[in-house]
Amino acid sequence: MLNSGRLHLLSLLDTLGTVRAVAETLHLSASTVSQQLAVLETETRCRLLERTGRRVRLTPAGLLLARRGREILDRMAETEAELRALNDEPIGTVRLGVFQSAIYTLAVPAAARLATTHPHLHVELIEMEPHESGPALRSGEADVVVTTTDYAGLSWGADIEVTSLGTDSVVLVLPRAHPLAARTAVNLAACKEETWACDRPQSYMADLTLRLCRESGYEPRVACRFSNYLMLLRHVETAGTIALLPTLAVTPDHAVVTRELSPPVRRNVAAVVRRGTTRRAAVNVVMAALRDHPELPALAAPDRHAEPEEHPPVP
């Protein structure tokens, strides 16, 4: 009989690529992971792994079992939830991965509402950049992710389901007294001599800022890099820098103004799950809470007929 824990190890190896990465993810030793995978080979009477130098890779049989294993593990989780909740009450833990600007505007309010309406359900929030969301969803680190479907580095395969939550604009953030604040929209060419506050390198917003500035003919002069948007807003407010941020990230308690870009830049925001997991009652109610959020001025309703955005985010 197949062991679910060892199936999970094999599916993680398929996703992460190395025994060491699997061990670090699960806080195990590499030798423990290797031993458990060897036991799985004995149980299945199949050669699942082959060595290539110091690394191992999955054989065709290993690939088949790893991918079927994800389906088996998801079905087991669904069945366990159904057995524990015969009265249809969603219970258990749902891990919700969210990019930073949607944490306090969208995810925290949804989790707070669910804590009231479904007291036996626990929503664990995990901050995740768009490039982290897809792997986390497929490895089981997250059950639901809120991300942007415009991120070119994500693979939108048949194994996932996407629910649109709306669109938000990427805006220029300025100190209140900045000369550009007199404009209703700003072309980034006008910001050539400005000093920028940016997200950390290779993040979604840092890459987007760099690309848009380069398209406008210059390299941005960066004064600071913060992974925390509140710190970044504070720097704009006190140090006179400027920044690009999603409208969702700009809170009203900072002495800054926002201006639309010319041409405008928008991103599509979505909630994403692995196909099949929406049958779990707990995942269903989390998706419903995200989809049926109170009106947010920064998050426009989904436009099914919208044209592709003029500046799609870079990978």
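**Exercise 1. Work out how much space the second largest cavity holds, and what lines it.**

Step 1. Start with the volume: in this predicted model, the second largest cavity holds about 50 Å³ of space. A search of the whole structure turns up three cavities of 30 Å³ or more.

Step 2. Now find the walls. The lining is made of F99, Q100, S101, E129, P130, Y204, M205, Y229, P246 and R267.

Step 3. Sort that lining by class. You should get six nonpolar, two polar and two charged residues.

Step 4. Look at two of the lining residues, F99 and R267. The charged end of R267 sits over the F99 ring, 4.2 Å from the ring's centre. As for rings paired with other rings, the whole structure has zero aromatic pairs.

**Exercise 2. Describe the largest pocket: its volume, its lining and the elements that build it.**

Step 1. Take the volume, which is about 450 Å³.

Step 2. Go to the lining. There are 19 residues in it, and L73, D74, A77, R95 and R274 are the ones nearest the pocket's centre.

Step 3. Ask which elements supply at least two lining residues each: they are α1 (4-16), α4 (60-84), β3 (92-98) and α6 (130-139). Of the elements, α4 gives the most, with seven residues.

Step 4. Finish with the classes. Nine lining residues are charged, seven are polar and three are nonpolar.

**Exercise 3. Decide whether C213 is in a disulfide, and whether C213 and C46 are buried or exposed.**

Step 1. Find the cysteine sulfur closest to that of C213. It belongs to C198, and the gap is 7.3 Å.

Step 2. Compare that with the cut-off: a disulfide needs two cysteine sulfurs within 2.5 Å. The C198 sulfur is therefore too far from C213 for a bond. Over the structure, the count comes to zero disulfides.

Step 3. Check accessibility. C213 is at 0%, so C213 counts as buried. C46 is at 35%, so C46 counts as partly exposed.

**Exercise 4. Find two non-glycine residues with a positive phi and say where they sit.**

Step 1. Begin with R45, whose phi is about 60° even though R45 is not a glycine. Its place is the loop between α3 (30-44) and β1 (49-52). With 79% relative accessibility, R45 counts as exposed.

Step 2. Move on to Q202. Here phi is positive too, about 70°, and again the residue is not a glycine. Q202 belongs to the loop between β8 (195-198) and α7 (204-215). Because its relative accessibility is 67%, Q202 counts as exposed.

**Exercise 5. Place R221 and R55, and trace each to a partner elsewhere in the chain.**

Step 1. R221 is part of strand β9 (residues 221-225). A relative accessibility of 43% makes R221 partly exposed.

Step 2. Pair R221 with T195. The two are 26 residues apart along the chain, yet their C-alpha atoms are separated by 5.2 Å.

Step 3. R55 sits in strand β2 (residues 55-58), and at 49% relative accessibility R55 counts as partly exposed.

Step 4. Pair R55 with R20. They are 35 residues apart in sequence, and the C-alpha to C-alpha distance is 9.6 Å.

**Exercise 6. Locate the cis peptide bond before P263.**

Step 1. Check omega between S262 and P263: the value is near 0°, and the bond is cis.

Step 2. Look up the element. P263 falls in strand β11 (residues 256-274).

Definitions and conventions:
Residues numbered from 1 in each chain as written. Predicted model: local features only at pLDDT ≥ 70, side-chain atom pairs only at ≥ 80, totals over all residues. Heavy atoms only, no water. Buried < 20%, exposed > 50% of the residue type's maximum accessible area, 1.4 Å probe, protein only. 1 Å grid on protein atoms, 1.4 Å probe; cavity = no way out; pocket = protein on both sides within 12 Å on 5 of 7 lines; lining within 4 Å. Points joined across faces, edges and corners; volume = space filled by probe spheres on them. Nonpolar A, V, L, I, M, F, W, Y, C, P; charged D, E, K, R; others polar. Phe/Tyr/Trp six-rings, centres within 6.5 Å; stacked < 30°, edge-to-face > 60°. Lys NZ or Arg CZ within 6 Å of the ring centre and 35° of its normal. Helix = DSSP H or I, 4+ residues; strand = E, 2+ residues; numbered from the N terminus.
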